[in-house]
Amino acid sequence: MFDRLTVRIFAIFLLTIAFFLSLVMALPELDSRNLTYLANKDRESGNLLANAIEKDLTKIPKDSFRWWMRFIVVMDNHQKTGQQLFIVTPNQQIITADTQNIDLVKSFSEKSHDVDDPAKQIYDNQEIIGPFLLHYANEEYQLYLLQPASDIQSQFVNLIFDHPFLLLTLTILASSPFLLWLSWSIARPARGLRLVAEQVAKGNLQQWPELEKVGSYEYKATGASFNHMLRELKRMQELQQRLFSDISHELRTPLTRLQLAASLLRRKQGESNEVLRISNEAIKLDSMIGDLLMLARNQHDNNEVREFKKLDELFKDVLNNAAFEANQIAKQFSIHNPSTNHTILCYPMALCSALENVIRNAFRYSNQRIDVDFIIQQKTVTITIDDDGPGVAESELEQIFRPFYRTNEARDRESGGTGLGLAIVANAITRDNGTVRAEKSHLGGLRIVIELPLQKY
């Protein structure tokens, strides 16, 4: 039952409230400076002292000259060292030799005036006890004792009782460990779930059994559902990969037969426009099947995991290979503001393949010049690839990243393209939380703009 998060939060909250209420109700009673009633032993001791004083007072005639002075003499004879005695007359006069504490005794006598139930109260380091009954001239008098306190409360405790906000602060500090434990027990599995979600976002679809063991019942149930989702995703991707593999096999088998038949026909009848057309279309169909499988693999393949990569290390081989190829085909290839050691989070192979695809397209359609530029901003890196080729109509710039889309100028048709290259590029960049768009180039051809978020690592 306590494993459920709702029960746990309610129980801790209820216990905390009960603790506060108990503390508020109990603490005032724990203050030793409060008025407390005497135990039987102390009461008997006080009554014995009152009886002894009463016995001596019978020797003093009523209304004799300065009779109250003789009272003081009697009290002095019976009081112990450090002790002061006070007698309150029926008309509330106080007889004592200690005139400094008369107000203190008067204040106490207003609280404790029942001789059948005498009390005690501490004032600083002294305590007042009383009243005890004694008789004189057929009238009732009350005896009070002022003496050093037997149980002095520490000044720190007095400070706490005298300042409620300090008491509240100490109470909050005392309950903080329980609240911190509750917060930790709630936050710990949530942090684990967040870290696992980040791993899944990177393409890691492995199951996490620890999610089903840590935290309250609700978190464990969530972890079990999360692992079930991962199993289903993994199963669906495996089925999809198997489907694409089967499609590839089923399509390429008759395609191979068609190519074989075209070869046999060429051997029997010689080269002709019809045979050449069949052979070219078969080659295009084979290329289209390959591009389709690559697009599907990039969308659903989990063999590659997102990694933190430095830009200069990530694109080094792609740019070096492009420079070598440009030299071989006698085209001008320039790199402006070469990539630095800034970091991005990406699928390295897919992103490098996307950049290489864009650069090769620029080689294919350019007349003579290709420029690659890296622009580092605060949170993004912008990569532009320009060529001086025929370009694309402005009305079609947003459409060229759609699968199988071909421009009116038929750039892909002329080069034997399938219309899937830029769709593969867009998919790879989108997976890395980036964007890609096409613009008119200052060189006269096409500009591809790739924006990727930089990471602090």
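The legends below describe close-up views of one predicted model. Local features are reported where pLDDT is at least 70 and side-chain atom pairs only at pLDDT 80 or more, whereas totals for chains, interfaces and linings use all residues. Residues are numbered from 1 along each chain as its sequence is written, and side-chain values use heavy atoms, with hydrogens and water left out.

**View 1. Strand β11 and its two antiparallel partners.**
Strand β11 spans residues 380–387 and is mostly covered, with 7 of its 8 residues buried (under 20% relative accessible area with a 1.4 Å probe and protein chains only; over 50% is exposed, and partly exposed lies in between). Helices (H or I, at least four residues) and strands (E, at least two) are DSSP runs, numbered from the N terminus. Two strands are taken to pair if DSSP finds at least two bridges between them. Strand β10 (residues 369–376) runs antiparallel to β11 and is joined to it by 7 bridges, and a hairpin of 3 residues connects β10 to β11; V372 stands opposite I385 in β11. Strand β13 (residues 446–455) is likewise antiparallel to β11, with 7 bridges between them, and here T382 stands opposite E451 in β13.

**View 2. The open sheet of six strands and the helix across it.**
In this open sheet, 6 strands follow the order β1-β4-β5-β6-β2-β3 with antiparallel pairing. β1 (36–37) and β3 (94–95) stand at the edges with a single partner strand each, so one side of each is left without a neighbour in the sheet. Strand β2 (residues 84–88) runs antiparallel to β3 and is joined to it by 2 bridges, and I94 in β3 is the bridge partner of V88. Helix α2 lies across β2, β5 and β6 and runs at about 45° to β5 (axes are lines fitted to C-alpha atoms, for helices over the stretch in contact, and angles run from 0 to 180 degrees between N-to-C directions; contact means heavy atoms within 4.5 Å).

**View 3. The second largest pocket.**
This pocket holds about 280 Å³ of space, and the elements giving two or more residues to its lining are α2 (40–57), β5 (126–136) and β6 (139–148). On a 1 Å grid over the protein atoms alone, a pocket is an open set of points with protein on both sides within 12 Å along at least five of seven lines, a cavity is a set where a 1.4 Å probe fits but cannot get out, and lining residues have an atom within 4 Å of a point. Grid points are joined across faces, edges and corners, and a volume is the space filled by probe spheres set on the points. Of the 15 lining residues of the second largest pocket, S45, K80, Q83, L145 and Q147 lie nearest its centre, and α2 provides the largest share, 4 residues.

**View 4. The largest cavity, between residues of two helices.**
The count comes to 1 cavity of 30 Å³ or more, and the largest cavity has a volume of about 60 Å³. Its lining consists of V318, N321, A322, E325, E356, I359, R360 and F363, with α10 (316–328) and α11 (348–365) each supplying at least two residues.

**View 5. The enclosed helix α13.**
Because 9 of the 11 residues of helix α13 (residues 421–431) are buried, this helix is largely enclosed by the rest of the structure. Among its buried residues are L422, I424, N427 and R431. N433 follows α13 and has a positive phi, near 60°.
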